Amino acid sequence: MSQVSIILPLLNEATVLSRTLKHLMALEPPAHEIILVDGGSTDRTIAIAQQYAETWGETNLAVVTATERGRASQMNYGAAIATGDILCFLHADTLVPDDLVGLMTQTLAHPNTVCGGFIALMCGDQSTCWGITLQNYLKTYLAAAITHPYLYLCKGFRVLFGDQVIFCGKQAFWDCGGFDPDLPIMEDADFCTRIVQYGKIRLVNRIVQTSDRRLQQWGAWKATFIYHSIGWLWFMGLPAEFLKRFYEEIR
C-alpha cells in the first residue's frame, strides 16, 4: 500500500485541533506521517500540536512553522518535506473516516486518476446543514461543467475545495506546480484546473465531516450568497486578492 502524508495548515485552531488529531490517530491502516504546518498561531495551537507529537512520536507527527503565512504556502511547505507518495491536504476542522488511507490508495489506483476528494458533510454542534452540503456536492460537478465543459467531459475535471480533503499523487502535485502561493483564497479550485492536465479528478462516494463555523457566524442565506458569489466571480476572472476581503477568517 502507498505511503500517505497528511498535511494540515494551521492558524489559531486550538478549539478543533485536538479532536481532529484524535481521529487521525485512529486511522487503520495508519498514515505514514502527519505534518502540521503552522502559519503563526497566537492561541494554544502549537502547544496542543506538540503535546500530540510527544505522545505519538515525532517521526509520525511533525510540527513545523511555515516560512510564509497563507494556506497555499503552508500546504506547499508541508508537501516539500513530506516523504509519502500520496499527499492529503486536511483542514483542522474536518474529521475523516478511519479507512481514509485505504480509500485514497484505492482511488488513485484507478487508471489515469491523479487526484480526489470526498463529500463534505457540513455539521455544527446542534445540527447538520443538509442544504449547504447538497450545494457543495453539486458544485463539484456543476462548476466544472459550466466553467470548463471540455475538461469536464473529456478529461474528468471536477472542482474540489479544501473541506473535501483533497489528495493526489506526490509527483502529480509537483508536476502541476502545487498550490499557487499568490492566491489568498480559491487556491484549491485553481489547483484542480491545473492537476487535471495530468489525469482525472474523482469524487469519492464517502463522507468527511467539516465544521459549519462560517455558517453559524454568517447565517445560511449570507453564507450561501458569499460562497456562490466568490466562486463564480473568481471563475469569471476577478482576482482572488479582491474577493478575499469578503471572506474573513473565522475561528
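**Helix H5 and the salt bridges of the predicted model**

Buried positions in helix H5 are Ile132, Thr133, Asn136, Lys139, Thr140, Ala143 and Ala144. The structure described here is a predicted model. H5 covers residues 130-147, a run of 18 residues. From its first C-alpha to its last, the helix reaches 25 Å, which is close to the 26 Å expected at 1.5 Å a residue. H5 nevertheless contains a kink of about 40 degrees, and this kink is centred on lysine 139. Lysine 139 is also among the buried residues of the helix.

The count of salt bridges in the model comes to 3. One of them joins glutamate 187 to arginine 71, with 3.0 Å between the closest N and O atoms. Glutamate 187 belongs to helix H8 (residues 187-195) and arginine 71 to helix H3 (residues 71-81), so the contact ties together parts of the chain that lie 116 residues apart in sequence. The two partners fall into separate accessibility classes: glutamate 187 has a relative accessible area of 1% and is therefore buried, whereas arginine 71, at 30%, is partly exposed.

A salt bridge is also formed by the side chains of arginine 206 and aspartate 99, with an N to O distance of 3.0 Å. This pair, too, links distant parts of the chain, the two residues being 107 residues apart. Arginine 206 is located in strand S8 (residues 200-211), while aspartate 99 sits in the loop between strand S5 (94-95) and helix H4 (100-108). Arginine 206 has a relative accessible area of 31% and is classed as partly exposed. Aspartate 99 is likewise partly exposed, with a relative accessibility of 25%.

The remaining salt bridge connects aspartate 190 with arginine 194, whose closest N and O atoms are 2.9 Å apart. Both residues lie in helix H8, and because they are 4 residues apart, about one helical turn separates them. Aspartate 190 has a relative accessibility of 13% and counts as buried, since this value is under the 20% cut-off. Arginine 194, at 22%, is partly exposed.

Helix H8 thus contributes to the bridge between glutamate 187 and arginine 71 and contains both partners of the bridge between aspartate 190 and arginine 194. The acidic residues of these bridges, glutamate 187 and aspartate 190, are buried, while their arginine partners, arginine 71 and arginine 194, are partly exposed.

Technical notes. Residues are numbered from 1 along each chain as its sequence is written. This is a predicted model: local features need pLDDT of at least 70, side-chain atom pairs count only at pLDDT 80 or more; totals for chains, interfaces and linings use all residues. Side-chain values use heavy atoms; hydrogens and water are left out. The expected span of a helix is 1.5 Å times one less than its number of residues. The bend at a residue is the angle between axes fitted to the seven residues ending there and the seven starting there. Buried means under 20% relative accessible area, exposed over 50%, partly exposed in between (1.4 Å probe, protein chains only). A salt bridge is a side-chain nitrogen of Lys or Arg within 4 Å of a carboxyl oxygen of Asp or Glu.
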